[in-house]
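Opening the notebook on a new model today. I want to look up surface patches and charged pairs.

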Amino acid sequence: MLDAALRPRLARPLEALAALLDRPGITPDRLTVAGLVLGLASAVGAAFQLWIPALVLWLVSRVVDGLDGTLARRRAAARGQERGGTHAGGFLDIAADFVVYGATVVGVAIGATAGGAPWWPFLLVLLAYYINGTAFLAFSSIAERAGRRIDDGRSLSFLGGLAEATETIAVHALWLILPFWAAEIAVVWAVIVGLSATQRIVVGYRALR
């Protein structure tokens, strides 16, 4: 829901960071992998109830994740190309995002349940993620084949919804800041992601008719 408003505001600081990182040996794909590793490290930290280190790793991983596309577009512009990145890079990026989002839910769940929280709210979040991801990826694939691609500069056709990257980053950070309320936050988040999934299914179906 907030992605469209925040992306233009984050563009300049991300471009400045990408300029600093635009060095031989640093590629967009390597940044994607770095973001993946940092995100998984955050999940491990949460599982061991190292909440502050996990929070720092989570936030840094999301900044690094935002830099891969920015660096790809910067290098494409330098070569006089309209689009940055590759299909392989776009695939790697979305796959890494899904791995990190799922892993951090599991990591928080392990850490929170060790402190007495129930498991079921986190299972609801994973179910909602599964449905939402299926709707999102299925629409992107079919829209590409049907010639109804949504082109906003990203590799895939993104259908907007209540729960997008900005909200996900914020909620996962909130879990790490308030781990003693993690289960309650998870219930609310599962409902929001579920509503977002329903919205994407309805809008996607209508867009492809």
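Which helix gives the most to the nonpolar patch? I looked it up in this predicted model, and the answer is helix α5, residues 120-146, with five residues.

**Entry 1, the patch.** I wrote down the members: Trp 120, Leu 124, Leu 127, Tyr 130, Ile 131 and Ile 201. Together they make a nonpolar surface patch of about 630 Å². I then picked one of them, Leu 127, for a closer look. Leu 127 is found in helix α5. Its relative accessibility comes out at 46%, so I log Leu 127 as partly exposed, given that exposed starts over 50%.

**Entry 2, salt bridges.** How many salt bridges does a search of the whole structure find? I get three. I went through them one by one.

**Entry 3, Arg 74 and Asp 22.** The side chains of this pair meet in a salt bridge, at 2.9 Å from N to O. Arg 74 lies in helix α3 (residues 51-78), while Asp 22 lies in the loop between α1 (3-21) and α2 (28-47), so the bridge ties together parts that are 52 residues apart in sequence. Are these two buried or exposed? Neither label fits: Arg 74 is partly exposed, with a relative accessible area of 38%, and Asp 22 counts as partly exposed too, at 25%. For Asp 22 I checked the cut-off, as buried means under 20%.

**Entry 4, Arg 62 and Asp 65.** Next I looked at Asp 65, which forms a salt bridge with Arg 62; the closest N and O atoms are 3.6 Å apart. I found both residues in helix α3, three residues apart, about one turn of the helix. Asp 65 is buried, and so is Arg 62.

**Entry 5, Arg 62 again.** Arg 62 also turns up in a salt bridge with Asp 97, where the closest N and O atoms are 3.2 Å apart. Where do the partners lie? Asp 97 is in helix α4 (residues 87-114) and Arg 62 in helix α3, so this pair ties together parts that are 35 residues apart in sequence. I noted Asp 97 as buried, and Arg 62 likewise. Which residues end up in one network? Arg 62, Asp 65 and Asp 97 do, joined by salt bridges that share partners.

**Entry 6, recap.** For my own index: the patch draws on helix α5 with five residues, the Arg 74 and Asp 22 bridge has a partner in a loop, and Arg 62 sits in a network with Asp 65 and Asp 97.

How values were computed. Residues numbered from 1 in each chain as written. Predicted model: local features only at pLDDT ≥ 70, side-chain atom pairs only at ≥ 80, totals over all residues. Heavy atoms only, no water. Patch = residues over 30% accessible without salt bridge, like charges linked within 9 Å, V, L, I, M, F, W, Y side chains within 5 Å. Areas by Shrake-Rupley, 256 points an atom, 1.4 Å probe, with all protein chains shown as cover. Helix = DSSP H or I, 4+ residues; strand = E, 2+ residues; numbered from the N terminus. Buried < 20%, exposed > 50% of the residue type's maximum accessible area, 1.4 Å probe, protein only.
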